[in-house]
Amino acid sequence: MAKLVAYYSRADENYFGGQLRYIEVGNTEKAAKMIAEQTGADLFKIEQKTPYAKDYNTCIAQAKKDLQAKARPELVNLPENLDKYDEIYLGYPNYWGTMPMAVYTFLEHFDFSGKKIHPFCTHEGSRLSRTEQDIKNVTRNATVKRGLAIHGSSVDGARAAIKKWIVA
Ligand SMILES: Cc1cc2nc3c(=O)[nH]c(=O)nc-3n(C[C@H](O)[C@H](O)[C@H](O)COP(=O)(O)O)c2cc1C
């Protein structure tokens, strides 16, 4: 059986060490690529059709509105099915204590019965918040393993922590 790293990540403007700046590759995407390198997993990026704004403050407001509305943003594309994968590394930034709503769109589309899900979350202080439970709530009959919290601004130094988590 094969492994998949499915992740959501946003580049553009974000906070780094108390300062806003634009980045080309999102933090979760960097972590996703490290995991794929270390496990040989395929990569799939969860992308919403209408992306959030590039500027941070507008993005924050849009994401909050979607959370409050329990929105399920439409995705650019989805894998046909996940049949060949028995282990899924699911990556996302912490958005308001949970996952971006587009990750819910992805999770609700498939039947994860019998699959193992390994959550990894990049954040600026809230760590995983309640996301392990959020994933359990929408993927009945899957096994949700212990998640990995990665401080977003320090993702470049996360390789060793990722390695340890993968083998654990
Ligand atoms: C809309 C939005 C909401 C966020 N909410 C939280 C939060 O509640 N707690 C937290 O620790 N970080 C929060 N963050 C920070 C992100 O989780 C963090 O910067 C993450 O590494 C971004 O990942 P990305 O570059 O892959 O998109 C938020 C960021 C955004 C844009």
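On a 1 Å grid laid over the protein atoms alone, a pocket is an open set of points with protein on both sides within 12 Å along at least five of seven lines, and its lining residues have an atom within 4 Å of a point. The model on screen is predicted, so local features need pLDDT of at least 70 and side-chain atom pairs count only at pLDDT 80 or more, while totals for chains, interfaces and linings use all residues. Residues are numbered from 1 along each chain as its sequence is written, and side-chain values use heavy atoms, with hydrogens and water left out.

**First stop: the largest pocket**

Begin by selecting N14, Y56, P93, N94 and Y95, around the largest pocket, whose volume is about 450 Å³ (the space filled by probe spheres set on the points, which are joined across faces, edges and corners). Those five are the closest to its centre among the 21 residues that line this pocket. Now colour β2 (12–16), α1, α2 and β6, each of which supplies at least two residues of the lining; helices (H or I, at least four residues) and strands (E, at least two) are DSSP runs numbered from the N terminus. The largest share, four residues, comes from α2. By class, the lining has eight nonpolar, 11 polar and two charged residues, where Ala, Val, Leu, Ile, Met, Phe, Trp, Tyr, Cys and Pro count as nonpolar, Asp, Glu, Lys and Arg as charged, and the others, Gly among them, as polar.

**Second stop: the ligand**

Next, show the ligand, which sits in the largest pocket, in the sense that more than half of its atoms lie within 2 Å of the pocket's grid points. The elements that give two or more residues to the shell around the ligand are α1 (27–39), α2 (56–68) and β6 (116–123). Select residues with a heavy atom within 4 Å of the ligand, and 21 appear, the closest being S9, T28, N94, T122 and S126. The shell divides into seven nonpolar, 12 polar and two charged residues.

Three distances to ligand oxygen atoms can then be drawn, each fitting the definition of a polar contact as a pair of N or O atoms within 3.5 Å. A polar side-chain atom of T28 lies 2.6 Å from such an oxygen, a polar backbone atom of E124 is 2.9 Å away from one, and for G97 a backbone N or O atom lies at 3.3 Å. Taken alone the ligand exposes 650 Å², and the protein buries 93% of that, with accessible areas from the Shrake-Rupley method and a 1.4 Å probe.

**Third stop: the second largest pocket**

Move to Y8, S9, R10, A11, D12, K45, I46, E47, Q48, P51 and Y52, which line the second largest pocket, a space of about 190 Å³. Its lining divides into five nonpolar, two polar and four charged residues.

**Last stop: the cavity**

Finally, select Y52, A63, L67, Y95, W96, T98, M99, P100 and M101, the lining of the largest cavity, a cavity being a set of points where a 1.4 Å probe fits but cannot get out. About 40 Å³ of space lies within it, and its lining has eight nonpolar, one polar and no charged residues.

Terms used: A polar contact is a pair of N or O atoms within 3.5 Å; within protein, one must be able to donate a hydrogen and the other to accept it, and residues adjacent in sequence count only if both atoms are side-chain atoms.
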